[in-house]
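Let's take a slow walk through a protein chain together. Have the viewer ready and turn the picture as you read.

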Amino acid sequence: MPVDLMTALAAPFPPNEIEWRVGSTKQDKSAGLALAYLTARHVMDRLDETVGPTNWQDRYEFHGSRTVCYLSIRIDGEWITKADGAGDSDVEAEKGAISDALKRAAVKFGIGRYLYDLGNTWVDIEPAGRSFRIKNDQYHKLEKALRALDNDGLVPERAPRVRTVAEEKKRYEEMQAEMHQISADGSAALKRWVNDASVLADINSLERYSSQLKTEFKEILSLAVTAEKDAPDPNAQFDRMERAAAE
């Protein structure tokens, strides 16, 4: 799996998207362990954002009270599948098991895995029907726990959204068109374009078309510099631009 995609899948969620529930409680039921979790909707949104709605799918098998989710992601035309299961939950047994199984399978792709590194946080609780809920004035403790996780370097860095195959192809074709248009506009326009660091950064971001675009970029660069007196070698200038873009 490409590193950029792994990073994007594992990126932390905004604190307001993290849900909390009460786990173990003290004997007198005055406090409980706060457990962080994501909803199935957040998992589906993350998959849509990173690989695209048509590049992931889920399938379920039922074995007694246990539900197994087979979550697949399509990468460069190949389906990669990971599976995990869950038992019936307190929320509409079958529906809850399906959601839990999806979330557990998603963890195997890195989605929300960093939440498992949260330490034990005890909070004041209050009755809520047959269960318990976290008191409203305790959520500052939970925000502090998430910040501590980030400060300890346990939260993966956020990554820009990864383009799908179709999006990369579209951007590649757009850049080709830009190259031809700028070539037609003359050497002054060419020189401005080739000195724009964002152009090379955009080329480097197109994982599947980067090499081909760089070849075309060098040809454009040659046109831009050959009209200059004592013009530098286009390949050497391109190498310097690449080093500068990497800094």
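A residue is called buried when its relative accessible area is under 20%, and exposed when that area is over 50%, with partly exposed in between. Keep in mind that what you're looking at is a predicted model. Now try those words on Asn 55: is this residue buried or exposed? Its relative accessibility is 12%, so Asn 55 counts as buried. You'll find Asn 55 in the loop between α2 (40-51) and β3 (56-63). Its side chain reaches back to the backbone oxygen of Val 51, at 2.8 Å.

Next, look for the sheet. Four strands make up an open sheet in the order β1-β2-β6-β7, and the pairing is antiparallel. Which strands sit at the edges? They are β1 (19-25) and β7, each of which pairs on one side only. Going from one strand to the next, the twist averages 55 degrees.

Let's go through some of the pairings. Strand β2 (residues 31-37) runs antiparallel to β6, and three bridges hold the pair. One spot to find here is Ala 31, which stands opposite Asp 124 in β6. Strand β6 (residues 122-128) is also joined to β7 (residues 131-134), this time by four bridges, again antiparallel. There, Ala 128 stands opposite Ser 131 in β7. The hairpin of β6 and β7 has two residues between the strands, and Gly 129 in this hairpin takes a positive phi near 65 degrees.

Stay with Ser 131 for a moment. This residue of strand β7 has 42% relative accessibility, so it counts as partly exposed. Along the chain, Ser 131 and Val 22 are 109 residues apart, yet their C-alpha atoms are separated by 8.6 Å.

Now move to Leu 33 in strand β2. With a relative accessible area of 14%, Leu 33 is under the 20% limit and therefore buried. What does Leu 33 touch, once its neighbours within four places in sequence are left aside? The answer is Arg 21, Val 22, Gly 23, Ser 24, Asn 120, Thr 121 and Trp 122. Arg 21 is twelve residues from Leu 33 in sequence, and the two are 8.2 Å apart, C-alpha to C-alpha.

Another residue to visit is Gln 138, in the loop between β7 and α4. Its relative accessible area is 5%, so Gln 138 is buried. The side chain of Gln 138 reaches the backbone nitrogen of Asp 124 at 3.0 Å. Beyond its neighbours within four places in sequence, Gln 138 is in contact with Val 123 and Asp 124.

What about the nonpolar residues? The largest nonpolar core has 34 residues, and those with the most contacts inside it are Ile 18, Trp 20, Leu 47, Leu 71, Ile 73 and Ile 111. Several elements supply at least two residues each: α1 (3-10), β1, α2, β4 (66-75), α3 (93-107), β6 and α4 (139-151). Pick out Leu 47 to get a feel for it: leaving aside neighbours within four places in sequence, Leu 47 is in contact with Leu 9, Gly 52, Trp 56, Leu 71, Ile 73 and Ile 111. Apart from this core lies another one of eight residues, among them Tyr 172, Met 179, Ile 203 and Leu 206.

Let's turn to the backbone. Most residues other than glycine have a negative phi. Against that background, Lys 29 is worth a look: its phi is positive, near 60 degrees, and it isn't a glycine. Lys 29 is placed in the loop between β1 and β2, and its relative accessible area of 40% makes it partly exposed. Asp 76 is another non-glycine residue with a positive phi, near 50 degrees. Asp 76 lies in the loop between β4 and β5 (78-87). Is Asp 76 buried or exposed? At 52% relative accessibility, Asp 76 counts as exposed, because the cut-off is over 50%.

One last stop is Lys 169, in helix α5 (residues 165-185). Lys 169 counts as partly exposed, at 41% relative accessibility. How many residues lie along the chain from Lys 169 to Tyr 209? They are 40 residues apart, while their C-alpha atoms are separated by 7.7 Å.

Notes
Residues numbered from 1 in each chain as written. Predicted model: local features only at pLDDT ≥ 70, side-chain atom pairs only at ≥ 80, totals over all residues. Heavy atoms only, no water. Buried < 20%, exposed > 50% of the residue type's maximum accessible area, 1.4 Å probe, protein only. Polar contact = N/O pair within 3.5 Å; in protein donor to acceptor, adjacent residues only side chain to side chain. Pairing = 2+ DSSP bridges. Axes fitted to C-alpha atoms, helices over the stretch in contact; angles between N-to-C directions. Core = buried A, V, L, I, M, F, W, Y, C linked by side-chain atoms within 4.5 Å. Contact = heavy atoms within 4.5 Å.
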